[in-house]
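Trainee: Could you take a close look at one part of this model for me, the side chains around a single strand and whatever they pair with? I'd like to follow the contacts outward from there.

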Amino acid sequence: QVQLVESGGGLVQAGSSLRLACKASGGTFDMYTANWFRQAPGKEREFVAAISRNNLYTHHADAVKDRFTISRDTAKNTVYLQMDSLKPEDTAVYFCAAGTSWPTTQDYWGRGTQVTVSS
């Protein structure tokens with residue numbers, strides 16, 4: 001059983017950067033696909049980014065491509081989401097997920113971290 005805990009959210013101004021972290025425990029995180037999803041108020045949860053097992057591939061949603069970057073530190077059992085040039089429409093709760101499918105996977109979920117971008 002993999003447990004995921006997100007951190008790094010906050011309130012920032014448009015154009016700023018944030019780095020989210022997703023710390024895993026209870027399993028060998030590098031053997032799982034890891035995803036970031038987000039859910040804005042009144043909207044459905046949407047896919048943001050994915051990194052494959054063994055960090056061979058990454059995939060980013062069109063809405064965040066060229067602004068967000070997913071990465072993984074295997075030694076720290078942590079996946080990151082570097083978010084640059086933030087926009088108000090990026091405001092959402094960001095969730096980490098892990099599992100065996102590619103590119104999206106939903107076997108294990110974290111509780112989320114709030115990101116708020118002011119204009």
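**Charges and rings around one strand**

Mentor: Let's start with arginine 38, which makes a salt bridge to aspartate 90, with 2.9 Å between the closest N and O atoms. Keep in mind that this is a predicted model. The bridge spans distant parts of the chain: arginine 38 belongs to strand β4, while aspartate 90 is in the loop between β8 (78–83) and β9 (92–99), 52 residues apart. Are the two partners buried or exposed? Both arginine 38 and aspartate 90 are buried.

Arginine 38 has another acidic partner, as its side chain also meets that of glutamate 46 in a salt bridge, at 2.6 Å from N to O. The burial differs here: arginine 38 has a relative accessible area of 7% and is buried, whereas glutamate 46, at 36%, counts as partly exposed because the buried label needs a value under 20%. Through shared partners, the salt bridges link Arg38, Glu46, Arg67 and Asp90 into one network. The general idea is simple enough: side chains of opposite charge can pair when their charged atoms come close.

Now step to the neighbouring position on the strand. Phenylalanine 37 also sits in β4 (residues 33–39), and its ring pairs with phenylalanine 47, in strand β5 (residues 46–51), 10 residues apart. That pair is edge-to-face, with the centres 5.9 Å apart and 80° between the planes. Both phenylalanine 37 and phenylalanine 47 are buried. Phenylalanine 37 has a second ring partner in tryptophan 109: here the centres are 5.1 Å apart and the planes are at 50°, so this pair counts as tilted. This one reaches further along the chain, from β4 to tryptophan 109 in strand β10 (residues 108–109), 72 residues apart. The accessibilities contrast again: phenylalanine 37 is buried at 6%, but tryptophan 109 is partly exposed at 28%. Taken together, Phe37, Phe47, Phe95 and Trp109 make up one aromatic cluster. The whole structure has 4 aromatic pairs.

Charge and ring also meet directly. Arginine 45 lies over the face of phenylalanine 95, 3.9 Å from the ring centre, and that phenylalanine is one of the cluster members. Elsewhere, the charged end of arginine 19 sits over the ring of tyrosine 80, 4.1 Å from its centre.

There are 5 salt bridges in total. Another one joins arginine 72 and aspartate 30, with the closest N and O atoms 3.8 Å apart. Arginine 72 is in strand β7 (residues 68–73) and aspartate 30 is in the loop between β3 (18–25) and β4, so this bridge ties together parts 42 residues apart in sequence. Both of these residues are buried as well.

Finally, the nonpolar side. The largest nonpolar core has 34 residues, and Leu4, Trp36, Leu81, Met83 and Tyr94 touch the most other members. Strand β4 is among the elements that give two or more residues to this core, along with β3, β5, β7, β8, β9 and β11 (113–118). As a rule, in soluble globular proteins, nonpolar side chains tend to be buried together. Methionine 83 gives you a way back to the charges: leaving aside residues up to four places away in sequence, its contacts include Leu18, Leu20, Phe68, Tyr94, Val115 and also Arg67, which is a member of the salt-bridge network with Arg38.

Conventions:
Residues numbered from 1 in each chain as written. Predicted model: local features only at pLDDT ≥ 70, side-chain atom pairs only at ≥ 80, totals over all residues. Heavy atoms only, no water. Phe/Tyr/Trp six-rings, centres within 6.5 Å; stacked < 30°, edge-to-face > 60°. Helix = DSSP H or I, 4+ residues; strand = E, 2+ residues; numbered from the N terminus. Buried < 20%, exposed > 50% of the residue type's maximum accessible area, 1.4 Å probe, protein only. Lys NZ or Arg CZ within 6 Å of the ring centre and 35° of its normal. Core = buried A, V, L, I, M, F, W, Y, C linked by side-chain atoms within 4.5 Å. Contact = heavy atoms within 4.5 Å.
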